[in-house]
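Dear colleague,

I am handing over the structure below, which you have not worked with before. Please look through it first, and then read the notes that come after it.

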Amino acid sequence: MKNIFFCIISAISFLLSGCSKSGSDSSSTVNSTSTAGSLARFIIVGNYLYTISHQNLKSFNITDPANPVLESEQSIGQQIETIYGFKGNLFIGSSTDMYAYSLTNPGKPAKLSQLTYWVRGKDPVVANDTIAFSTVRNTTGSGGVLNIINIKNINSATLVNSIALQSPYGLGLIDTALYICEHMNGLKVYTLPTKSNGTPTYKKTISNSEIYYDVIPYNNLLYAYIAGGNCIFDITDRMNPVLLSKTKN
Amino acid sequence: MITCVLASCNRDIDYNIGEKDAYIPIYGDDAVYRTVSFQAAKPIVNGGKIVLYNQYLFQMEDGEGIHVFNVSNPSSPQRVGFIKSPLCKQLAIKNNFLITNNLDDMVVVDFSNPLAIKEVKRLTGEFPEMKLQAPSQTNIFFECPDAKKGIVIGWKLGKVTNPKCSQ
């Protein structure tokens with residue numbers, strides 16, 4: 001019997017962990033870290049910058065960010081695509097696998113587990129404390145899915161459900177709102193239910209005739225990477241993004 | 001981006017295959033391209049990944065640099081300028097220090113005055129995968145880069161007689 005694990009245990013650390021964005025420009029010290037979208041290949045977790053190449057992970061100490069110090073480089077796998085940090089763990093996705101690393105020693109992440117997908121695809125991921133969401137976009141042919149994974153126990157994550165998607169790219173999670181970029185098929189808005197299996201409920205699609213690649217939700221705003229540029233929505237009402245501005249060309 | 005370190009890449013075709021459609025390296029002087037500078041805001045041509053930092057939104061112009069926007073008023077983003085950094089692919093910022101790549105180097109830029117950014121640190125060759133030593137396309141021929149001609153900063157499609165490289 002084939003053991004096939006769909007387990008995906010990831011999150012965007014900058015959105016949900018202790019990342020402080022609100023540095024004050026008027027004070028003499030600045031304490032802020034950037035927030036990236038789900039398609040990032042550089043991430044900052046605490047005092048470390050993690051970067052991925054197609055095969056390797058590098059860990060730089062940036063306690064003094066003007067002087068990054070490489071502390072380790074390690075081989076991860078092949079066709080590495082995405083990197084995320086969440087609650088002391090680092091999660092790295094390739095076209096076929098998800099790797100979980102511990103940041104107990106942040107300068108030298110230690111491998112915890114490796115999980116193999118059954119389908120080859122691009123797979124950005126977001127998560128909260130209990131559920132991880134991953135879009136998987138087929139690289140041959142069209143379509144894709146949203147995988148919903150129970151991660152209450154990081155060592156035994158289980159696939160709860162898969163929802164068919166049309167052309168998924170990046171995604172963003174804030175509170176109980178999940179935003180999925182579906183390229184020419186728009187920006188899809190879902191709400192998380194309170195039941196533990198975590199399957200989100202589709203609410204609506206935002207189009208504005210744009211092509212959506214990735215989003216960064218932050219406070220009551222949603223910043224979107226679209227073809228040609230970017231746009232910003234007000235998401236005070238999480239289920240009803242209101243377009244505030246578009247910057248293209 | 002696929003480089004010739006992958007097993008599928010074949011160099012040194014040693015037989016005559018005639019004239020082929022092939023990618024030709026575009027060389028640049030290190031002095032011109034291995035540098036990070038600030039420019040006036042310019043149109044987004046190939047807008048890429050976005051990064052948020054305080055009141056600033058950054059958007060990659062993949063391979064060229066970073067557009068900087070002030071989004072204090074999200075209804076009316078203001079174009080601040082463009083950080084030119086050839087072969088730039090990613091960025092992250094901590095405490096007003098912006099970390100990115102310029103060619104295959106890691107570069108740290110002081111962003112405390114966004115209109116007068118300055119490079120404060122360069123880790124040479126830290127990102128070897130950022131070097132454009134092969135085109136990103138597959139199932140193609142290309143003219144093998146000649147390091148004596150300078151750094152490869154791009155590729156163009158043309159005709160090459162007996163191209164020696166393929167992938």
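The notes below go through chain A as a whole, one of its sheets, one of its residues and the contact with chain B.

Please keep in mind throughout that this is a predicted model. The secondary structure of chain A consists of one helix and 22 strands, and 47% of its 249 residues count as buried. Among the contacts in chain A with a separation of 6 or more, 39% are between residues that lie 24 or more positions apart.

A good place to begin is the open sheet of chain A that is formed by four strands in the order S19-S20-S21-S22, with antiparallel pairing. S19 and S22 of chain A stand at its edges and have a single partner strand each, so one side of each is left without a neighbour in the sheet. On average, and with direction ignored, neighbouring strands of this sheet are turned by 20 degrees against each other. Within the sheet, S20(A) and S21(A) are joined in the antiparallel sense over six bridges, and A:Leu221 has A:Asp234 in S21(A) as its bridge partner. As a general point, strands of a sheet pair through backbone hydrogen bonds, either parallel or antiparallel.

As a single residue to look at, I suggest A:Ile52, which lies in strand S3 of chain A, residues 48-52. A:Ile52 counts as buried because it has 22 C-beta neighbours inside 10 Å, where 20 or more are required. If its neighbours within four places in sequence are left aside, A:Ile52 is in contact with A:Arg41, A:Leu57, A:Ile80, A:Ile83 and A:Ile92. A:His183, by contrast, is 131 residues away from A:Ile52 in sequence, and the two are 25 Å apart in space, C-alpha to C-alpha.

Finally, there is the contact between the chains, to which chain A gives 39 residues and chain B gives 32 residues. On the side of chain A that touches chain B, at least two residues each come from S1 (35-36), S2 (42-45), S19 (212-218), S20 (221-226), S21 (229-234) and S22 (242-248) of chain A. S22(A) provides the largest share of that side, four residues. Sorted by class, the side of chain A that touches chain B has 19 nonpolar, 16 polar and four charged residues. Strand pairing also runs across the two chains, since S1(A) and strand S3 of chain B, residues 47-53, pair in the antiparallel sense over two bridges, and A:Thr35 stands opposite B:Leu52 in S3(B).

With kind regards

Terms used
Residues numbered from 1 in each chain as written. Chains lettered and ligands numbered in written order. Predicted model: local features only at pLDDT ≥ 70, side-chain atom pairs only at ≥ 80, totals over all residues. Contact = placed C-beta atoms within 7 Å. Nonpolar A, V, L, I, M, F, W, Y, C, P; charged D, E, K, R; others polar. Pairing = 2+ DSSP bridges. Axes fitted to C-alpha atoms, helices over the stretch in contact; angles between N-to-C directions. Buried ≥ 20, exposed ≤ 12 C-beta atoms within 10 Å, placed from the backbone.
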